[in-house]
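Trainee: I would like to learn how to read pockets and domain contacts in a model. Can we work through one case together?

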Amino acid sequence: MKETIQFRLNGKPTKLAVDSDRMLLWVLRTDLSLTGAKYSCGEGFCGACTVIVNREAVRSCQTPVKTIKGKDIITIEGLAKDGVLHPLQQAFVKHDAMQCGFCTSGMILTAYALLLKNPRPTLKQIIDGMDDNLCRCGSHTRVLQAIQTAAEGMKGAVKR
Amino acid sequence: MKKDANPDIVVDKAGAASSLSRREFLKVVGGGIFIFVTYGEELAFEEPARSQAARPSLPTDFNAFLRIGEDGRVTCFTGKIEQGQGAITALPQMLAEELEVPLSSVDIVLGDTDLCPWDAGTFGSQTIRSFGPALRGAAAEAREVLKELAAEKLNVPIDRLQAKDGAIFDKTRPQTRATYAELAQGKKIERHLTQKPALKTPAELKVMGQPQPRRDALKKVTGEAHYAGDLRLPGMLYARILRPPAHGAKLKDLDTSAAEKISGARVIRDGDLIAVLHEFPDEAERAMTLIKAQYDLPDATLDDKNIFDHLIKAAPEGRTVAQGGNLEEGAKLAAVSFDETYLNSYVAHATIETHTALVSVEGDKATAWASSQAPFGVRDEVAQAAGISAQNVHVISPFIGGGFGGKTRNTQAGQAARLSKTTGKPVQVTWSRADEFFNDTFRPAAVLKIKSGISNSGQIVFWDYEVLFAGERSSQQFYNIPHHRTVVRGEWGGGRGGGAPSAHPFSVGAWRAPASNSNTFARESQIDIMAAKAGMDPVEFRLMNLNNGRMQRIIKAAAEKFGWTPAKAPSGRGWGVASADYQGTYLTTMAEVAVDKAAGAVQVKRVVCAQDMGIAVNPEGATLQIEGCITMGLGYALTEEVHFKGREVKDLNFDTYQLPRFSWLPKIEAVLLDSPEVAISGGGEPPIITMGAVVANAIFDATGARLYQLPMTPERIKAALK
Ligand code: FES
Ligand code: FES
């Protein structure tokens with residue numbers, strides 16, 4: 001059903017007339033031209049489409065837009081602030097934590113939500129938190145290093 | 001979006017779409033100094049001849065070129081692409097090195113068919129090994145041209161001149177200098193690299209061999225890196241393609257009425273291509289689910305269990321690829337003989353990005369952006385599908401979300417071209433994950449038979465190896481064996497570059513390090529079996545049976561890093577070793593595993609990989625590739641296997657097809673050894689090829705159970721433990 005939906009997107013109030021049964025991934029990628037969230041499995045198995053909804057990492061391919069009314073959405077495009085990369089982004093660059101980069105947005109945002117909840121995670125907690133995000137290129141070792149570096153650097157101040 | 005501009009590269013348009021002579025080409029491009037490069041490359045994909053003949057906008061007598069512009073910037077144009085392997089970083093390093101310019105002043109244009117000369121594609125670790133030296137040569141040549149220009153301009157004899165930091169100066173009076181920009185100003189100079197200019201010696205290298213961060217990292221962490229599916233054109237439509245339930249299924253009945261009721265959905269049937277188009281991709285997908293299609297299923301009985309018997313029966317005549325001595329003599333020398341058969345399963349490429357293409361056909365011209373390892377293949381595919389000349393197709397390569405050999409056929413680009421032609425609009429085709437699994441050119445299943453024997457003192461005396469369907473690469477053993485023969489029956493591409501040879505129920509093709517994963521698994525397992533029987537430590541057994549100093553050195557390097565101490569297997573420690581030679585790169589991998597015998601589960605705890613690739617151009621990049629290969633390799637070692645029945649592919653998403661995860665990660669350590677005396681070779685593939693054997697050997701060391709089939713699933717491990 002087409003309806004007007006309001007939410008905050010990367011800090012800005014946003015209003016959109018849209019069929020509210022559609023999945024957030026496609027609305028972001030087409031209606032809103034934010035293509036950082038990727039389509040890969042379409043069924044919630046890989047995490048490439050991850051975005052932040054009210055401080056939680058969600059799989060946007062499984063999230064109907066009607067469920068985000070009034071909520072706060074952050075996509076990879078909105079993580080840097082005033083032209084300064086978020087510490088997680090900086091750490092991913094520093095550790096070369098990507099190869100093809102197709103999983104990278106989802107990795108960074110999943111880690112972001114993880115650190116919001118648990119700013120000083122152990123390695124084991126990071127692994128558990130990231131385990132359902134898939135990467136075919138095998139960047140895992142670097143992703144873990146990057147998340148650890150970011151967590152240390154932020155000293156608990158995770159918010160973008 | 002401007003059609004002639006890839007957002008990731010900034011260059012001026014080099015020429016109109018027609019085949020130019022080099023002279024005409026130079027007329028249409030701006031000023032500067034041009035060096036044209038030709039290099040021989042193994043045509044791993046048996047490109048049809050027309051591809052090379054029909055280069056569009058460039059002369060035909062070179063494969064790549066570099067330009068020093070009037071602004072002093074250096075640009076390399078090559079048909080290679082970046083799929084995560086780091087060419088975008090390593091190639092500029094090589095250029096900067098020989099040309100004596102800061103790395104920051106080097107641009108690289110990849111995979112644009114109007115700007116870059118023809119190239120077969122990016123695979124087989126060829127980028128650094130084959131193209132690299134040619135590019136370095138071109139840069140060295142350019143440096144000499146600049147010196148000649150400077151000698152004239154500064155009026156200084158050429159032997160007093162030196163190049164540094166993008167300028168040429170007089171060694172005796174360094175203030176007498178001219179920058180490359182000044183020298184290139186108003187010039188139009190061309191050179192075709194014919195004889196090989198002297199490259200720097202390894203000791204002289206300053207930029208190569210230094211770790212460099214990825215050039216594309218910033219774009220990839222901000223979401224600004226654009227892949228084919230991220231591109232938008234005005235008026236474009238998104239398409240989903242109808243997938244049959246099985247390979248060889250024949251469409252009997254089609255009802256698209258419900259799909260067509262979706263507002264804005266358009267169903268197109270063009271021969272065997274049935275697609276739903278919509279201005280929103282998810283609406284196209286929804287409409288697709290409403291299509292009712294009836295099929296006649298093929299009469300097929302093969303499945304993932306009986307396939308191996310079938311392959312043994314279907315194997316074509318053999319080809320002897322290596323032999324020495326006399327096998328009968330060898331057998332007489334053997335105190336103990338071995339006769340083993342190893343099996344390897346079909347595996348999927350499973351790149352996180354599915355095949356995607358955006359194509360806009362306008363009249364007799366087309367522009368295409370595709371996730372492809374072979375942009376010139378896309379060009380031909382689009383031309384054929386749209387019924388236009390290849391010269392009128394411009395392919396621009398966006399970032400590619402992983403390839404591993406799976407993105408060399410360009411079916412999706414052909415589909416988009418047909419649909420664009422029919423609708424008159426730009427069309428983006430994105431394969432669903434299920435389409436991706438179904439249409440994949442899997443790594444072929446293989447049967448590997450080795451008969452071998454050792455003497456009383458543990459010398460390998462004969463080796464009789466028969467390779468069924470894996471392919472030739474890495475099949476030639478490198479041990480010091482007096483009597484040996486290797487026979488290859490069937491190739492990994494079925495001899496048709498990714499086509500479907502009749503022996504397989506679906507298409508097979510190159511998968512990261514084609515053939516080598518299977519061959520290395522068999523060879524290094526057999527070596528371990530013999531070592532155990534001889535009562536020797538598997539590392540000592542290998543060293544004793546080698547007379548190849550470079551290989552011995554890399555084994556010792558791995559052993560030192562790993563802290564290997566000799567013991568006969570099974571020692572209970574869960575340690576394994578495997579060595580390999582891949583296209584000139586030597587490596588040895590050692591691993592430690594823990595096996596939960598009740599569950600049949602394996603945790604790989606630690607992996608050391610020592611690699612000698614001549615010189616690692618970007619050691620940071622090489623280390624990344626080692627980590628990536630080891631992690632990816634755990635998949636085919638432990639879980640990855642395509643299940644199928646009667647030409648129906650059962651694994652269509654990541655719920656049943658299990659990729660390696662964070663919780664599987666071993667501690668990974670890389671050791672890079674240089675061999676400056678040998679040619680530089682690639683590193684994007686070798687470290688994956690030892691993973692099957694090293695884990696199998698470590699499982700044996702932990703438990704005494706020998707696994708003969710990959711992947712080593714819990715069921716197979718439990719069965720082997722019985
Ligand atoms: S695309 Fe959403 S989880 Fe894979
Ligand atoms: S970097 Fe390629 S999928 Fe993760």
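**Pockets and a domain contact**

Mentor: We can start with a lining sorted by residue class, bearing in mind that this is a predicted model. The lining of the largest pocket has 14 nonpolar, 9 polar and 10 charged residues.

Trainee: How many residues line the largest pocket, and which lie nearest its centre?

Mentor: The lining is made up of 33 residues. Nearest the centre are P244(B), D272(B), T411(B), Q415(B) and N439(B). The space in this pocket comes to about 850 Å³.

Trainee: Which elements of chain B each supply at least two residues of that lining?

Mentor: Two strands and three helices do: β10 (250-255) and β12 (273-278), then α11 (375-386), α12 (411-423) and α13 (433-439). The largest share is that of α12(B), with 4 residues.

Trainee: Why is the largest pocket said to lie between two domains?

Mentor: The reasoning goes through the lining. Both domain 2 (228-297 + 355-430) and domain 3 (307-347 + 442-721) of chain B contribute residues to it, so the pocket lies between them. The assignment for chain B also gives a domain 1, covering 10-222.

Trainee: What is the volume of the second largest pocket, and what classes of residue line it?

Mentor: Its volume is about 690 Å³. Of its 31 lining residues, R240(B), E285(B), R286(B), T289(B) and S432(B) are the closest to the centre. By class, the lining of this second pocket has 14 nonpolar, 5 polar and 12 charged residues.

Trainee: Which element gives the largest share of the lining of the second largest pocket?

Mentor: That is α8(B), with 6 residues. The elements of chain B that each supply at least two residues are β9 (237-241), α8 (281-289), β13 (292-296) and α13. Helix α13 of chain B also supplies at least two residues to the lining of the largest pocket.

Trainee: Now the contact between the domains. How is the size of an interface often given?

Mentor: It is often given as the accessible area lost when the parts come together. Between domain 2 and domain 3 of chain B, about 770 Å² is buried, and carbon and sulfur atoms give 56% of that area. On the domain 2 side, H247(B), F404(B) and R409(B) lose the most area to domain 3, together 67% of what that side buries.

Trainee: How far apart are the C-alpha centres of these two domains, and how many residues does the contact take from each?

Mentor: The centres of domain 2 and domain 3 of chain B lie 38 Å apart. The contact takes 9 residues from domain 2 and 14 residues from domain 3.

Trainee: How many salt bridges are counted between domain 2 and domain 3 of chain B?

Mentor: The count is 0.

Methods
Residues are numbered from 1 along each chain as its sequence is written. Chains are lettered from A and ligands numbered from 1 in the order in which they are written. This is a predicted model: local features need pLDDT of at least 70, side-chain atom pairs count only at pLDDT 80 or more; totals for chains, interfaces and linings use all residues. Side-chain values use heavy atoms; hydrogens and water are left out. On a 1 Å grid over the protein atoms alone, a cavity is a set of points where a 1.4 Å probe fits but cannot get out, and a pocket is an open set with protein on both sides within 12 Å along at least five of seven lines; lining residues have an atom within 4 Å of a point. Grid points are joined across faces, edges and corners, and a volume is the space filled by probe spheres set on the points. Ala, Val, Leu, Ile, Met, Phe, Trp, Tyr, Cys and Pro count as nonpolar, Asp, Glu, Lys and Arg as charged, and the others, Gly among them, as polar. Domain bounds come from an automatic or database domain assignment. Contact means heavy atoms within 4.5 Å. Buried area is the accessible area (1.4 Å probe) that two parts lose on being put together, summed over both. A salt bridge is a side-chain nitrogen of Lys or Arg within 4 Å of a carboxyl oxygen of Asp or Glu.
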